[in-house]
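Work through the exercises below with the sequence and the structure open beside you. Try each task before reading its solution.

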Amino acid sequence: MNRILIIKLGSIGDVVHTLPALSDLRSSFPRARIDWLVEKQAAVLLRNHPCLDRVIEVDTRKWRRGLWRPRTWREIHRCHSRMKQERYEVAFDFQGLWKSAAFGLFSGARLLVGFDKPHLKEPGCRFLYGRRVSPDPATPHVSDLHRALAASQGATRGQGGGELEVEESDRAYVEVQLAQRRLQEFIILNPGGGWVTKNWSPSNYGLLHHRIRRELGLKTLLTWGPGEEDLVREVMAACPGDPPSTFSTTLPQFIALARRARLFVGGDTGPLHLAAACRTPVVGIFGPTDPLRNGSPHPDDLAVFHPVPCGPCYKRTCRKYRRQCMTLVTVDQVFDAVVRRLRQPRGQGST
């Protein structure tokens, strides 16, 4: 293959989980042109990536809001034209949605490759694929499923994984912020989760911070994403003693921050997957999603979850069961996992 298009639009975790497949494609086809079609908000993770020739950014949310505007159709036409000009031999739809499959079809690629029905969020889109792939059911983690999709076209599994690049300016910003707060060794607490159903109680994070500070003598640093400021305030209000440190970061700055942390604690969300990609030790708190499929791929990392008859459900709302999969997870359980993970060597996992 000489011209390859990767289609993985978002979110942050989705992009991170696809990076090992990108690494396999690049090592298997070192002279190929490899481009990636991605949503604008996640594109920052891919800019200047050494395995990519070009990042094609789209903003489908903005397009949907302004379908009546001529500017929107000009942007769509420009994106379509750019892809057609490349004459891709193969396009891989790692997203598994109607819109991602449609992008693959409109790219003009000779072959559009995607998953078969059991692995698709929107199964009907499989009829747009020229080749449908059904990975081995014994392949549990989503990043391994993506690698299997690449392998279907001859990519071999390489030694690389989900490497992330950051600028020196981002590292310098983080070092300045840490120095101002006198943070040398610290644990990241990330209370947000994108879906409400993924969020562990903010008061639990406050109590967890207190135990880490009192019993382990380690400081914590609270991180958050857009729209999660209220969660941060709730965590702060629930702290019995001194609250955690905190400062805002961009995604590249968060990557630099995660590389400096002793441990990351949080739910199934983008920052957890970024931390895992940085080989930062991780304790994940899981509820509606399956940690075997969506957790850290590194064997030393830990996932805390409470099995319930209705899960994993992958639902964004839970009125009937009132999020028992998350509310039944206790501070003691998460703290014990923190202690156990800190005893393990850093960076022992492999992708």
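The model is predicted.

**Exercise 1. Find where Arg322 lies, and decide whether Arg322 is buried or exposed.**

Solution.
- Step 1: Arg322 belongs to the loop between β12 and α12.
- Step 2: The relative accessible area of Arg322 is 68%. Exposed means over 50%, so Arg322 is exposed.
- Step 3: Arg322 has a positive phi of about 55°, although it is not a glycine. Most residues other than glycine have a negative phi.

**Exercise 2. Do the same for Tyr314.**

Solution.
- Step 1: Tyr314 is also located in the loop between β12 and α12.
- Step 2: Its relative accessibility is 33%. Buried means under 20% and exposed over 50%, so Tyr314 counts as partly exposed.
- Step 3: The phi of Tyr314 is positive, about 60°, and Tyr314 is not a glycine.

**Exercise 3. Which residues does a cis peptide bond join at Pro312, and which at Ser11?**

Solution.
- Step 1: Gly311 and Pro312 are joined by a cis peptide bond with omega about -5°. Pro312 lies in the loop between β12 (302-304) and α12 (324-327).
- Step 2: Gly10 and Ser11 are joined by a cis peptide bond with omega about 0°. Ser11 sits in the loop between β1 and α1.
- Step 3: For background, most peptide bonds are trans.

**Exercise 4. Check the length of helix α7 against the expected span.**

Solution.
- Step 1: Helix α7 covers residues 202-216, which is 15 residues.
- Step 2: The expected span is 1.5 Å times one less than the number of residues, so α7 should span 21 Å.
- Step 3: The end C-alpha atoms of α7 are 21 Å apart, which agrees.
- Step 4: After α7 comes Gly217, with a positive phi near 70°.
- Step 5: The buried residues of α7 include Tyr205, Leu208 and Ile212. Among the elements that cover the buried residues of α7 are β7 (186-190), α8 (229-238) and α13 (331-343).

**Exercise 5. Give the order of the strands in the six-stranded open sheet, and explain why β3 and β6 each have a side without a neighbour.**

Solution.
- Step 1: The order is β3-β2-β1-β4-β5-β6, with parallel pairing.
- Step 2: β3 (54-58) and β6 (131-133) are at the edges; each has a single partner strand, so one side of each lacks a neighbour in the sheet.
- Step 3: On average, neighbouring strands of this sheet are turned by 20° against each other, direction ignored.
- Step 4: Within the sheet, β1 (residues 3-7) and β4 (residues 90-93) run parallel and are joined by four bridges. Ile7 has Asp93 in β4 as its bridge partner.
- Step 5: Helix α1 (residues 12-28) lies across β1, β2 (33-39) and β4, at about 170° to β2.

**Exercise 6. How do α1 and α10 lie against each other?**

Solution.
- Step 1: The axes of α1 and α10 (residues 270-277) come within 8 Å and cross at roughly 25°.
- Step 2: Angles under 35 degrees count as roughly parallel, so α1 and α10 are roughly parallel to each other.
- Step 3: The crossing is left-handed.
- Step 4: Residues making the contact include Ile12 and Val16 of α1, and His273 and Leu274 of α10.

**Exercise 7. Is Thr18 buried or exposed, and which residues are in contact with Thr18?**

Solution.
- Step 1: Thr18 is in helix α1.
- Step 2: Its relative accessible area is 0%, so Thr18 is buried.
- Step 3: Apart from neighbours within four places in sequence, Thr18 is in contact with Ile6, Lys8, Trp36, Phe94 and His146.

Terms used: Residues are numbered from 1 along each chain as its sequence is written. This is a predicted model: local features need pLDDT of at least 70, side-chain atom pairs count only at pLDDT 80 or more; totals for chains, interfaces and linings use all residues. Side-chain values use heavy atoms; hydrogens and water are left out. Helices (H or I, at least four residues) and strands (E, at least two) are DSSP runs, numbered from the N terminus. Buried means under 20% relative accessible area, exposed over 50%, partly exposed in between (1.4 Å probe, protein chains only). Contact means heavy atoms within 4.5 Å. Two strands pair if DSSP finds at least two bridges between them. Axes are lines fitted to C-alpha atoms, for helices over the stretch in contact, and angles run from 0 to 180 degrees between N-to-C directions. Angles under 35 degrees count as roughly parallel, over 145 as roughly antiparallel, 65 to 115 as roughly perpendicular and the rest as oblique. A crossing is left-handed if the near helix is turned anticlockwise from the far one by less than a right angle, and right-handed if clockwise.
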